[in-house]
Amino acid sequence: MRDSQGKIVLIGSEAGIMHRPGNTYSVTKWALTAFAENTRLLVAADGVGVTMVAPGPVDTPFYAAREGGAPGGSILTADTVADAVVWALTQPAGVDVNTIVVRPSGRM
């Protein structure tokens with residue numbers, strides 16, 4: 001990675017950005033948020049980029065099986081999350097996008 005000045009992308013969750021009391025899933029995503037920032041601090045001076053993408057609810061079997069579907073009724077597509085990843089990876093040299101939070105419109 002250092003030789004190519006590549007980019008690392010980690011997929012987290014909005015649950016690692018906003019508090020979700022009593023939710024172990026949220027705790028693991030907070031840990032991933034910390035891991036992404038710690039990794040960025042370790043490799044930034046070598047020109048390696050680190051981006052964490054933290055999506056809100058995504059149209060997956062998890063929400064399909066859940067009674068009531070996604071919270072708030074709004075949901076992202078996998079393509080929307082992929083577009084955010086591609087956007088981060090295609091920024092010009094010298095630009096390091098660290099955190100992208102992608103939520104459905106109107107999500108609180």
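## Reading a predicted model: salt bridges, sheet and pocket

Tutor: Welcome! A search of the whole structure finds 2 salt bridges. Please keep in mind as we go that this is a predicted model.

Student: Happy to start there. What lets two side chains form such a pair?

Tutor: Side chains of opposite charge can pair when their charged atoms come close. Here, one of the cases is R103 with E14, whose side chains meet at 2.7 Å, N to O. R103 sits in the segment after strand 3 (99-102), while E14 belongs to the loop between strand 1 (7-11) and helix 1 (24-43), so this pair ties together parts that are 89 residues apart in sequence.

Student: Are those two residues buried or exposed?

Tutor: They fall into separate classes. With a relative accessible area of 35%, R103 is partly exposed. E14 is at 3% relative accessibility, and because the cut-off for buried is under 20%, E14 counts as buried.

Student: Which side chains meet in the other salt bridge?

Tutor: That one joins E37 and R40, again with a value of 2.7 Å from N to O. Both residues are in helix 1, 3 residues apart, which puts about one helical turn between them. E37 is partly exposed, at 35% relative accessibility.

Student: Let me step back to the fold. How many helices and strands does the chain have?

Tutor: The secondary structure comes to 3 helices and 3 strands. Try walking along the chain from the N terminus: the elements run β-α-β-α-α-β. The chain has 108 residues, and 35% of them count as buried.

Student: How do I read the sheet, and in what order do its strands lie?

Tutor: Ask about the order of the strands and then about the direction in which they pair. In this model the 3 strands form an open sheet with the order 1-2-3 and parallel pairing. Strand 1 and strand 3 are the edge strands, each pairing on one side only. From one strand to the next, the twist averages 20°.

Student: How many bridges hold each pairing?

Tutor: Strand 1 and strand 2 pair over 5 bridges, in the parallel sense. For strand 2 (residues 49-55) with strand 3, which is also a parallel pairing, there are 4 bridges.

Student: Which residues could I pick out on screen to see the register?

Tutor: Start at V9, whose bridge partner in strand 2 is T51. Then move across to strand 3: M52 has T99 as its bridge partner there, and V53 has I100.

Student: And what do the faces of a strand tell me?

Tutor: Look at which way the residues point, then check how covered each side is. On strand 2, G49, T51, V53 and P55 point one way, V50, M52 and A54 point the other way, and all are buried. That is why strand 2 reads as mostly covered, with 7 of its 7 residues buried. Strand 3 has a covered face made of I100 and V102, and an uncovered face made of T99 and V101.

Student: Where does helix 3 come in?

Tutor: Helix 3 covers residues 78-89, and T80 lies in it. T80 is partly exposed, at 31% relative accessibility. Its C-alpha atom is separated by 8.4 Å from that of V102, with the two positions 22 residues apart along the chain count. D79 is also in helix 3, and at 57% relative accessibility D79 counts as exposed. D79 and V58 are 21 residues apart in sequence, with their C-alpha atoms 9.6 Å apart in space.

Student: I would also like to look at a pocket. Which residues line the second largest one?

Tutor: Its lining consists of Q5, G6, K7, A44, G47, V48, G49, P92, A93, G94, V95 and D96. By class, these divide into 5 nonpolar, 5 polar and 2 charged residues. The space inside the second largest pocket is about 200 Å³.

Student: What should I notice about Q5 in the backbone?

Tutor: Check its phi angle: Q5 has a positive phi of about 50°, although Q5 is not a glycine. Along the chain, Q5 lies in the segment before strand 1, and Q5 is one of the residues lining that second largest pocket.

Key. Residues numbered from 1 in each chain as written. Predicted model: local features only at pLDDT ≥ 70, side-chain atom pairs only at ≥ 80, totals over all residues. Heavy atoms only, no water. Salt bridge = Lys/Arg side-chain N within 4 Å of Asp/Glu carboxyl O. Helix = DSSP H or I, 4+ residues; strand = E, 2+ residues; numbered from the N terminus. Buried < 20%, exposed > 50% of the residue type's maximum accessible area, 1.4 Å probe, protein only. 1 Å grid on protein atoms, 1.4 Å probe; cavity = no way out; pocket = protein on both sides within 12 Å on 5 of 7 lines; lining within 4 Å. Points joined across faces, edges and corners; volume = space filled by probe spheres on them. Nonpolar A, V, L, I, M, F, W, Y, C, P; charged D, E, K, R; others polar. Pairing = 2+ DSSP bridges. Axes fitted to C-alpha atoms, helices over the stretch in contact; angles between N-to-C directions.
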